[in-house]
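Open the model in your viewer and keep the selection tool at hand. We will go stop by stop.

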Amino acid sequence: DQNEEDHLLNIDYNSLPTYPIRPSYRDNPAKGNIDTHLVSFDPCQDDPYRPASMPIYQTATFAMHSIEKFGPYDYTRSGNPTRTALEQLVASLEGAHAAFAFNSGMAAITAVTRLLKTGDEILCGDDIYGGAFRLFSKISARQGISVKFVDCTTIQTVEEAMTDKTRIVYVETPSNPLMRIIDLRKLAEVVHAKNMLLVVDATMMSPYLMTALRLGADVVIHSGTKFLAGHSDTMAGFVCCLTEELAREIAFVQNAEGTALAPFDSWLTLRGLKTLALRQEKQQANALKVAKFLAEHPLVTAVHYPGLARDPHEEGSKGLSPAAAALHMSQCKGGGSVVSFETGSVLLSRRVCDATKLFKITVSFGSCNSLIEMPCVLSHASIPKEMRSLPEDLVRLSIGVESPEDLLADLAQAMKASLEIYQKVKSAEIAEIAVQRSASRLLSNRSG
């Protein structure tokens with residue numbers, strides 16, 4: 001009895017795993033066609049009832065076998081079978097040692113910042129999501145973690161910006177919303193030569209189109225709210241870790257801070273993932289048609305889409321540079337479904353957004369229905385104007401699975417209606433200016 005008492009009192013609970021043990025997918029990623037893997041993945045092989053869909057374990061606690069015999073789960077904050085199933089599927093898609101599901105994309109990014117300590121530095125791409133900018137510049141800064149924003153499309157610029165305090169290089173590719181492309185393979189070489197971590201937010205592509213861990217990243221982040229869940233009905237975030245050491249650190253943070261994804265949201269994301277391949281193929285095909293339509297439209301001055309390269313021999317051609325587009329396609333298997341464009345006028349861009357009928361005006365992207373917004377007004381408004389590298393007239397489209405003919409017709413009518421309103425407003429402004437000038441001249445003549 002004394003021996004049992006001593007044993008119980010001497011258990012080092014901090015040494016116990018902070019997440020349920022699961023297979024590593026670093027050297028055993030999803031095999032075969034990802035389309036098949038997404039729908040054939042069996043997350044509940046040990047369930048005696050063999051359910052066709054992963055059950056929702058809607059419980060806060062799990063009963064122990066005895067006071068000293070722990071099962072794989074005890075408290076849903078630390079682990080839940082529905083969430084484990086989702087984490088295993090995402091890890092297999094990315095080729096990660098382990099993946100962890102959080103209650104939002106921002107919670108996932110925040111967890112990665114917990115790898116740092118006071119005095120450390122984040123070297124960050126200068127075209128990133130507004131929420132990430134706010135986190136780094138406002139919250140991380142309070143913890144004594146500095147952040148430096150640089151153009152990461154040029155590797156030399158990154159090297160020159162590195163200091164002995166830099167611990168993480170954080171990038172998006174394609175970037176949101178200007179679609180800047182970063183050479184992950186070359187960047188990884190530079191980062192690892194300095195014993196730093198390369199963290200890639202790959203939300204714009206999803207693991208269906210790009211697996212950044214295989215391109216040299218140490219950590220990959222996804223906002224699961226976007227393409228993975230895919231239906232604008234739940235929020236989720238993922239941190240995919242290349243190594244066991246990183247996985248243990250992120251799991252500890254997830255458990256300690258209580259930011260894990262709830263069972264029902266895990267189930268919704270699992271359900272969404274089943275159609276990821278179907279959705280992204282359709283969205284991507286639609287997006288290319290939209291990008292080409294915009295590139296030929298006289299009201300559009302610039303188009304940003306990874307799947308569309310401008311013709312260097314054609315004056316006025318719109319799209320990414322051929323080099324950037326080729327680099328992107330060497331890292332991904334498609335251009336994705338987010339397109340941004342410029343009109344040269346903030347007023348005109350606003351009118352286009354308001355005039356669309358199929359496109360919903362909302363932040364976010366990756367849903368199965370099409371969305372439209374102006375980043376400087378919505379998704380990136382948290383970035384101070386003097387620090388934004390975005391054109392004020394930039395419009396971002398997230399292309400859905402609708403009929404491409406309907407999407408093009410909606411954009412065409414929105415452009416036409418916007419131009420008419422724009423011209424009326426400008427005519428009124430010109431008339432007002434003329435009246436003011438006439439009145440000014442009249443007053444001047446009278447005073448003379």
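Select strand β2, residues 121-125, together with β4, residues 166-172. The two strands run parallel, joined by four bridges. This is a predicted model.

Now pick out Ile122. Which residue of β4 stands opposite Ile122? The one to click is Ile168.

Next, add strand β5, residues 197-201. Five bridges pair β5 with β4, again in the parallel sense. Click Val169, then its bridge partner in β5, Leu198. To get from β4 to β5, follow the chain through helix α7, residues 184-193. This β-α-β crossover is right-handed.

Stay on β4 and turn on the surface of the whole protein. How many of the seven residues of β4 are buried? Six are, so the strand is largely enclosed by the rest of the structure. Buried here means under 20% relative accessible area.

**The second largest cavity**

Rolling a probe the size of a water molecule over the atoms shows where empty space is left. The count of cavities of 30 Å³ or more comes to two. Begin with the second largest, which holds about 30 Å³ of space.

Select Ile109, Val112, Thr113, Ile122, Phe136, Ile168 and Tyr170 to display its lining. Ile122 and Ile168, the facing pair from β2 and β4, are both on this list. Helix α4, residues 105-113, and β4 each supply at least two lining residues. α4 gives the most, with three. Colour the lining by class: six residues are nonpolar, one is polar and none is charged.

**The largest cavity**

Move on to the largest cavity, with a volume of about 70 Å³. For one part of its lining, select Gly125, Asp126, Asp127 and Ile128. Add Asp151, Cys152 and Thr153. Finish with Val171, Glu172, Ser175, Arg180 and Ile182. Gly125 belongs to the range of β2, while Val171 and Glu172 fall within β4.

What classes make up this lining? Colour it again: four residues are nonpolar, three are polar and five are charged.

**Cysteines**

A disulfide is a covalent bond between the sulfur atoms of two cysteines. How many disulfides does the structure hold? The number is zero.

Two cysteines make the last stops. Select Cys332: its relative accessibility is 9%, so Cys332 counts as buried. Then select Cys368. Buried, exposed or partly exposed? At 22% relative accessibility, Cys368 counts as partly exposed, because the cut-off for buried is under 20%.

How values were computed
Residues are numbered from 1 along each chain as its sequence is written. This is a predicted model: local features need pLDDT of at least 70, side-chain atom pairs count only at pLDDT 80 or more; totals for chains, interfaces and linings use all residues. Side-chain values use heavy atoms; hydrogens and water are left out. On a 1 Å grid over the protein atoms alone, a cavity is a set of points where a 1.4 Å probe fits but cannot get out, and a pocket is an open set with protein on both sides within 12 Å along at least five of seven lines; lining residues have an atom within 4 Å of a point. Grid points are joined across faces, edges and corners, and a volume is the space filled by probe spheres set on the points. Ala, Val, Leu, Ile, Met, Phe, Trp, Tyr, Cys and Pro count as nonpolar, Asp, Glu, Lys and Arg as charged, and the others, Gly among them, as polar. Buried means under 20% relative accessible area, exposed over 50%, partly exposed in between (1.4 Å probe, protein chains only). Two strands pair if DSSP finds at least two bridges between them. A crossover is right-handed if, with the strands pointing away from the viewer, the path from the first strand over the helix to the second runs clockwise. A disulfide is a pair of cysteine sulfur atoms within 2.5 Å.
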